[in-house]
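Dear colleague,

I am handing over a structure to you with this email, and I would be glad if you opened it beside my notes and followed along. What I found is set out below.

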Amino acid sequence: MINFYLSNNLKKTEGFWCHTLGLSVYMRQPNAIIFQADEGQIGFLDSPHATPPNYSCISFTFDSKEEIDALYQQHQQIALAPPREHPLSPVYSFFVMDPNGLRVEFQVFI
């Protein structure tokens with residue numbers, strides 16, 4: 001499965017998803033880029049006038065709180081807040097924002 005999103009800057013998008021988060025490029029097309037994630041692919045379509053969605057969250061699931069804490073240490077400078085347990089669901093996670101305004105979550109179910 002590939003989930004597609006709009007991007008107003010594919011170069012910044014590639015820098016974030018590849019260099020910051022460590023995903024690899026699955027495929028390049030003239031106006032799109034697709035990244036390989038463990039659970040599938042994430043694609044971005046070039047749209048110079050794209051605006052951030054009202055709410056969208058791309059969640060990566062891990063096996064332990066220790067993994068989440070280690071990822072937080074790695075991405076602390078871009079994290080929106082430290083990892084925490086959520087009061088409404090059994091999840092421990094933290095979030096970052098990609099250059100397109102998409103919320104990216106690193107989580108473990110507890």
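**The sheet around β8**

Strand β7 (residues 91–97) and strand β8 pair in the antiparallel sense, and seven bridges hold this pairing. Please keep in mind from the start that this is a predicted model. One pair to look up is Val-91, which stands opposite Phe-109 in β8. The two strands form a hairpin with five residues between them, and in this hairpin Gly-101 takes a positive phi near 85°.

To which strand is β5 joined by five bridges? Strand β5 (residues 57–61) is joined in this way to β8, and these two strands run parallel. Within this pairing, Ile-58 has Val-104 of β8 as its bridge partner, while Phe-60 has Phe-106 of β8.

Taken together, these strands belong to an open sheet of four strands with mixed pairing, in the order β5-β8-β7-β6. At the edges stand β5 and β6 (84–85), each with a single partner strand, so one side of each is left without a neighbour in the sheet. As for β8 (residues 103–109), five of its seven residues are buried, so this strand is largely enclosed by the rest of the structure.

**Helix α2 and its two faces**

Helix α2 (residues 65–75) lies across β6, β7 and β8, and runs at about 20° to β7. Which residues of α2 are buried? They are Ile-68, Leu-71, Tyr-72 and His-75. These four cover an arc of only 105° around the axis, which puts them on the same side of α2. As background, an α-helix has 3.6 residues a turn, so residues three or four places apart point the same way. The buried residues of α2 pack against α1 (10–20), β7 and β8, whereas the face turned away from that buried side carries the exposed residues Glu-66, Gln-73 and Gln-74.

**The cysteines**

A disulfide is a covalent bond between the sulfur atoms of two cysteines. With a cut-off of 2.5 Å between the sulfur atoms, the count of disulfides comes to zero. Why is Cys-18 not bonded to Cys-57? The closest cysteine sulfur to that of Cys-18 is in Cys-57, and it is 20 Å away, which is too far for a bond. The surroundings of the two can also be described: Cys-18 counts as buried, at 14% relative accessibility, and Cys-57 is partly exposed, with a relative accessible area of 26%.

**Tyr-26**

Tyr-26 lies in strand β2 (residues 24–29) and counts as partly exposed, at 44% relative accessibility. Leaving aside its neighbours within four places in sequence, Tyr-26 is in contact with Ile-34, Phe-35, Gln-36 and Gln-41. Pro-87, by comparison, is 61 residues from Tyr-26 along the chain, and the C-alpha atoms of these two residues are separated by 36 Å.

**Confidence in the model**

Where pLDDT is low, the predicted coordinates should not be read in detail. For this protein the mean pLDDT is 94, and 100% of the residues reach 70 or more. Among the elements, strand β1 (residues 2–7) has the lowest mean pLDDT, at 93, and β6 has the highest, at 98.

With kind regards

Note on methods:
Residues are numbered from 1 along each chain as its sequence is written. This is a predicted model: local features need pLDDT of at least 70, side-chain atom pairs count only at pLDDT 80 or more; totals for chains, interfaces and linings use all residues. Side-chain values use heavy atoms; hydrogens and water are left out. Buried means under 20% relative accessible area, exposed over 50%, partly exposed in between (1.4 Å probe, protein chains only). Two strands pair if DSSP finds at least two bridges between them. The arc is that of the directions from the helix axis to the C-beta atoms. Contact means heavy atoms within 4.5 Å. Axes are lines fitted to C-alpha atoms, for helices over the stretch in contact, and angles run from 0 to 180 degrees between N-to-C directions. pLDDT is the predictor's confidence in each residue, from 0 to 100.
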